[in-house]
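Student: I am new to this structure. Please take one part of it and go through that part closely.

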Amino acid sequence: MAARVIGASSLVRDLGVWRADSGRSARPAYVALAESIRMLIHDGRVPLGAALPSERDLSATLDVSRTTVTSCYTLLREKGYLISRQGARGVVALPPSAKAPSMGITASLDAPDRPLVDLSYAALPAPPEVQGAYSAALEQLPSYLPTHGMDPLGIPLLREAIAARYTERGVSTDPTQILVTLGAQHALRLLFTLFTAPGERVLIEHPSYPNAIQAVRDVGARAVPVPMRPERDGWDLDGIRSAARQTAATLAYLVPDFQNPTGLCLGVAGRAELAAIARDTRMTVVVDESMVDLGLDESAPVPVASFARGPEVVSVGSMSKSFWGGLRVGWIRANPSLINRLLGSRASIDLGTPVMDQLAAAHLLVEPEPVLEQRRELLRSRRAVLLDALAEMLPDWHVAPGPGGLSLWVRLPAPISSALAATAPNFGVVLAAGPKFGVEGAFERFIRLPYAQPEADLRLAVSGIAAAYQVVAPRTPAAASPPSLVV
């Protein structure tokens with residue numbers, strides 16, 4: 001299949017102000033243009049493996065000479081950012097010199113003299129109500145003991161509770177549309193196995209949830225990244241439509257509710273358009289709603305499924321982020337015929353979700369809002385502490401918090417995310433590097449910082465990160481930017 005082509009208009013929007021500086025020392029226009037495209041590649045805004053617009057289209061859209069674009073593309077090829085193939089368009093790449101620097105500096109540092117603060121995960125500890133839910137579940141358990149205890153659909157009590165929540169949120173749902181799973185990750189694996197075959201394309205946001213990216217790879221499918229646009233409400237819906245048509249993808253995975261890692265939330269109009277794109281391109285959209293209860297500055301709009309006219313939207317939910325990660329209960333909301341197909345494929349993987357966990361989940365969903373509002377208030381407070389600490393100790397880092405979720409997606413002054421993550425444990429912090437949230441090495445200029453930990457730990461973590469940054473930044477080649485395109 002031919003490489004996906006980045007539209008000239010889309011690329012120009014991302015380039016913004018790119019032209020060379022004025023004056024005698026100004027760089028040639030083609031060098032300035034190549035530098036700007038290079039930075040978009042490092043930021044994950046131009047996906048690796050995609051093809052740039054034709055020279056004619058880009059020159060016309062930019063209103064520059066074709067010679068300028070030709071020279072720009074030639075320079076990108078010379079530096080390894082554009083790879084030409086016989087009989088096909090050149091595709092975007094990262095040269096070896098621009099990838100993560102050596103981690104050898106880590107071994108030269110002493111072990112930390114304080115406990116590690118683990119910022120590699122984004123999850124809260126259990127609230128007290130979880131223990132009460134399990135106590136209530138234990139009381140209900142005797143009525144299930146005379147049965148074989150294996151129900152691949154899920155116990156009716158929980159399916160009814162989940163269906164009722166969807167109905168309350170604005171999309172009428174019957175319990176026959178619910179399949180209870182062992183968490184959201186299990187749900188994704190069931191769906192990807194059913195919908196894809198080795199080599200097929202799955203559209204994803206870029207950045208995206210790392211375990212979902214891995215789940216796509218595990219079934220042999222190929223993730224097609226569509227860059228997020230934080231300055232334009234996050235989701236590039238035109239890009240999703242274009243990518244679906246160009247790649248013939250039959251499946252997409254998206255997190256429109258306080259997305260992991262950015263915390264962004266897709267608006268009502270965007271949700272309606274997303275459902276329309278799914279219909280128009282005959283693509284099934286798997287909507288991950290694991291974060292839906294974690295709106296800190298605003299509530300999530302009505303579910304994307306409320307705009308569906310058929311089976312084009314499948315919803316996945318979980319108790320993990322809202323209540324507790326140890327409560328391994330998730331679900332799939334789809335039409336009953338798809339639920340039946342999932343049941344058939346599930347039999348070869350597992351025979352159902354533990355009854356005790358389902359009963360505990362059902363108890364928590366009877367009156368969830370008091371618990372969830374306490375969780376949100378806790379996260380608001382911790383997010384404020386993390387933002388204040390970053391502003392104080394790392395003022396040159398760019399932070400644009402989303403309206404919810406569990407983490408900040410922070411842009412670094414230099415492409416040193418992997419080096420920083422490798423060095424930070426020596427200063428008492430465990431981090432998840434930016435490239436974990438992308439494909440093919442993107443996001444070396446970003447890092448995810450969760451705010452689920454206690455406030456004192458968050459300040460301690462930022463102090464350690466700042467110390468690690470001081471070590472890594474001077475020793476990383478071209479700390480201010482990726483290697484420049486010298487001519």
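Tutor: In this predicted model, the side chain of Ser-407 comes to 3.0 Å from the backbone oxygen of Pro-261. Ser-407 belongs to strand E12, which covers residues 407-411. Its relative accessibility is 4%, and because buried means under 20%, Ser-407 counts as buried. Setting aside neighbours within four places in sequence, Ser-407 is in contact with two runs of residues: Asn-260, Pro-261 and Thr-262, and also Arg-448, Leu-449, Pro-450 and Tyr-451. Pro-261 thus appears both in this list of contacts and as the residue whose backbone oxygen the serine side chain reaches.

One of those contacts, Tyr-451, leads on to the nonpolar cores. Tyr-451 is in a second, separate core of 42 residues, which also includes Leu-124, Leu-394 and Tyr-469. The largest nonpolar core has 51 residues, and those touching the most other members are Leu-158, Ile-162, Leu-203, Ile-240, Met-283, Val-285 and Met-319. Helix H12 (residues 355-364) gives this core its largest share, six residues. For Ile-162, the residues touched beyond four places in sequence are Ile-178, Val-180, Trp-331 and Leu-365.

A second polar side chain can be set beside the serine. Glu-55 lies in helix H3, residues 55-62, and with a relative accessible area of 19% it is buried. The side chain of Glu-55 makes a polar contact of 2.8 Å with the side chain of Thr-70. Apart from neighbours within four places in sequence, Glu-55 is in contact with Arg-66, Val-69, Thr-70 and Tyr-73.

Technical notes:
Residues are numbered from 1 along each chain as its sequence is written. This is a predicted model: local features need pLDDT of at least 70, side-chain atom pairs count only at pLDDT 80 or more; totals for chains, interfaces and linings use all residues. Side-chain values use heavy atoms; hydrogens and water are left out. Helices (H or I, at least four residues) and strands (E, at least two) are DSSP runs, numbered from the N terminus. Buried means under 20% relative accessible area, exposed over 50%, partly exposed in between (1.4 Å probe, protein chains only). A polar contact is a pair of N or O atoms within 3.5 Å; within protein, one must be able to donate a hydrogen and the other to accept it, and residues adjacent in sequence count only if both atoms are side-chain atoms. Contact means heavy atoms within 4.5 Å. A nonpolar core is a set of buried Ala, Val, Leu, Ile, Met, Phe, Trp, Tyr and Cys residues joined through side-chain atoms within 4.5 Å.
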